[in-house]
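Colleague: I would like to learn how to read a few features of a structure that is new to me. Please show it first.

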Amino acid sequence: MSKILLGAIEAGGTKILCALANENRTILREIRIATADPTETLANMRRFFHNAEQELGKIAAVGVGTFGPIDLDPRSGSFGYITDTPKTAWRGVDFRDAIQQICDAPVMIDTDVNAAALGESTHGAGQDVDTMCYVTIGTGIGVGVIKNKAIVDVSPNIEAGHIRIARHPLDNFIGVCPFHGDCLEGLASGPSLNERWGSAPEALPDHHEAWDIQAFYIAQLCLNLSYILRPDRIIIGGGVMSREILLDKIRISFSEQTAGYSLGRARDLEAYIVTPNLHSPSSGLIGALEMAWGYQKTMKT
Ligand code: ZN
């Protein structure tokens, strides 16, 4: 059997992880590159992939999970372009084509959230279920949905971060969403914690009321996803979730807010609402590898 090499890229707002792996998805080479201006960043990516290919051989396909917003409609003339990102130097960059030029291989591109969802579904905390939601709570709030080990393709993409939610009775903060003020992202993203409490989330003690309010909002997202999609599991990651007490608080608030209305699998909350299993390599990088693997497998059959 010939050796298959897969490329993977997890592109975030501050860093970009690039990797080469074999067909078992074992990572052979990996690098972390700062997300600087596009010219410098793409030059660093080119150097890594060229050196790695010289050592290991030709890449068959590349999977990419990226920050955005990005145009993911294959029928669009700007498919694969970064669009209205606050990182202005990246606006209008044809990221998909740039990677295709660097690697001279087919590129499968999706959002960072969808890539992480796929990674957790295939190798992480969602391996044993068919349908799952992956939620990230960080600078923004994103949701990816997986069914039968594949990303559910909602074009352009799910915008669950901006849903309307009921306010916590003790919360009169106006919210930070530039569009809606107090949508979910406006009230429960990392920047909203900073703004509401005048302190970085890491500096707030475990007993601070911030975490009860935060859990109340994230539990509402879980509740809405449960009623709309009926997933087998909800996996919640992202920087804000590094606060360990939050997971249990979310489960308790979720249970209270269901108010006894039956949700099937959601009754076993320790199995239903969990945190990611993959950390190094990350869910996003593993998901990107799975995207590349899935593509080259289709090409062989
Ligand atoms: Zn909003």
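Modeller: We will go through a pocket, some helix pairs and a few backbone details.

Modeller: This is a predicted model, in which local features need pLDDT of at least 70 and side-chain atom pairs count only at pLDDT 80 or more, while totals for chains, interfaces and linings use all residues. Residues are numbered from 1 along each chain as its sequence is written, and side-chain values use heavy atoms, with hydrogens and water left out.

Colleague: How much space lies in the second largest pocket?

Modeller: On a 1 Å grid over the protein atoms alone, a pocket is an open set of points where a 1.4 Å probe fits, with protein on both sides within 12 Å along at least five of seven lines. A volume is the space filled by probe spheres set on the points, which are joined across faces, edges and corners. Here the second largest pocket holds about 570 Å³.

Colleague: Which residues lie nearest the centre of the second largest pocket?

Modeller: Lining residues have an atom within 4 Å of a point. The pocket has 24 of them, and Met108, Ile109, Asp110, Ile151 and Met291 lie nearest its centre. Helices (H or I, at least four residues) and strands (E, at least two) are DSSP runs, numbered from the N terminus. α9 gives the largest share of the lining, six residues.

Colleague: Where does the second largest pocket lie with respect to domain 1 and domain 2?

Modeller: Domain bounds come from an automatic or database domain assignment. The pocket lies between domain 1 (5-112 + 280-300) and domain 2 (125-274), because both give residues to its lining.

Colleague: How are two packed helices described?

Modeller: By the angle between their axes and the distance between the axes. Axes are lines fitted to C-alpha atoms, for helices over the stretch in contact, and angles run from 0 to 180 degrees between N-to-C directions. Helix α6 (residues 209-229) and helix α7 (residues 245-258) pack at about 55°, with axes 8 Å apart. They are therefore oblique to each other; angles under 35 degrees count as roughly parallel, over 145 as roughly antiparallel, 65 to 115 as roughly perpendicular and the rest as oblique.

Colleague: Which backbone details should I look up?

Modeller: A cis peptide bond, with omega about 0°, joins Gly68 and Pro69. Pro69 sits in the loop between β4 (59-66) and α2 (95-103). Ser280 and Pro281 are also joined by a cis peptide bond, and Pro281 is in the loop between β10 (273-274) and α9. Asn148 has a positive phi of about 50° although it is not a glycine.
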